[in-house]
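User: Please take a close look at the lining of the largest cavity in this predicted model. Which element gives the most to that lining, and how many residues does it give?

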Amino acid sequence: SQTANPAPRRAAIAELWRDPGNIAAKDLRWGRGGQALAPSGDVEYQFKASDTVGFSPGYDVIDPRGRKWDVKTGDEGQPEVIASRLLWAIGYHQPVVYFVPEWKMVKGPVSRPLSGRFRLASDHKTDGEWSWTENPFLGTRQLQGLIVANLIINNWDLKPSQNRIYTRAGGPPSQWFVVQDLGASFGKTGWPVGNRNNIDDFEKQRLILGVQDGRVQFDYHARHKELLETIAPADVVWVCRLLARITDRQWSDLFRGAHMAEDVGLRYTRHLKAKIGEGLALQSPGATR
């Protein structure tokens with residue numbers, strides 16, 4: 001019998017990932033929206049609503065140009081912007097996001113909120129969630145690579161409610177499968193929760209423990225380990241080759257764009273490169289650790 005939600009259609013892979021082309025030419029300081037769309041810290045944002053869902057408090061605001069922004073304050077802001085720009089650099093769909101260290105809000109609960117991640121909300125509609133285990137891309141290298149990319153940044157919060165389907169007027173494709181909330185990254189993975197934005201803990205975890213029966217064993221200690229059970233060395237090599245195309249200048253720009261202290265950004269870069277190197281080492285025959 002026909003149901004409202006028939007068997008998953010085979011979406012074009014372009015709804016999840018598109019060939020990023022010349023990765024070295026991408027602007028990782030400003031990201032997908034470029035400097036032109038960046039929200040200013042010098043204007044007043046009109047308060048519309050408070051967002052009390054999730055770890056970090058936030059607000060829905062409108063800027064003087066009439067654009068709607070979803071703002072998340074607190075210590076998830078920096079890692080989310082960095083993680084989002086990294087995924088965008090290697091071809092995964094991401095919203096337009098920026099980190100704003102100081103800003104003003106009118107008619108809201110506070111006039112000087114904490115620094116925040118600003119996500120542009122007026123260029124797409126959100127059309128529900130998607131699950132890591134039930135989606136049109138199961139078994140594809142691009143989906144496996146997306147999981148590995150999240151392991152590289154130590155994102156320990158891989159629950160489906162972080163994943164959104166965007167409907168966009170300006171396709172194709174008109175639909176994007178997006179990992180939207182990436183703030184639980186760049187710390188340590190842990191059960192039941194890890195931490196975020198903690199360079200000391202981030203440096204303590206490697207990417208790979210070994211390879212067993214053709215499957216990669218990861219240094220990952222959070223929930224949803226079932227997502228890692230089918231990842232082969234070639235999946236890891238594929239995404240690490242993309243990440244390895246990011247230049248030193250881009251790594252620097254990436255952390256500058258999130259207003260990260262330069263010495264901390266250098267430490268993150270060094271360890272990210274080490275994890276990418278672990279992944280690339282799997283391309284040698286019989287590579288194990």
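Analyst: That's α1, which gives three residues to the lining of the largest cavity, the most of any element. Here "element" means a DSSP run, either a helix (H or I, at least four residues) or a strand (E, at least two), numbered from the N terminus. Zooming out for a second, the search covered the whole structure and turned up three cavities of 30 Å³ or more. A cavity is a set of points on a 1 Å grid over the protein atoms alone where a 1.4 Å probe fits but cannot get out. The largest one comes to about 50 Å³, counted as the space filled by probe spheres set on the points.

Now for the walls. The lining (residues with an atom within 4 Å of a point) is made up of Ala 83, Leu 86, Leu 87, Ile 90, Ala 149, Ile 152, Ile 153 and Leu 243. Two elements, α1 (77-89) and α2 (141-152), give two or more residues each. As for chemistry, the lining has eight nonpolar residues, with no polar and no charged ones; Ala, Leu and Ile are among the types counted as nonpolar.

A word on the ground rules: residues are numbered from 1 along each chain as its sequence is written. The model is predicted, so local features need pLDDT of at least 70 and side-chain atom pairs pLDDT 80 or more, while totals for chains, interfaces and linings use all residues, and side-chain values use heavy atoms, leaving out hydrogens and water.

Methods:
On a 1 Å grid over the protein atoms alone, a cavity is a set of points where a 1.4 Å probe fits but cannot get out, and a pocket is an open set with protein on both sides within 12 Å along at least five of seven lines; lining residues have an atom within 4 Å of a point.
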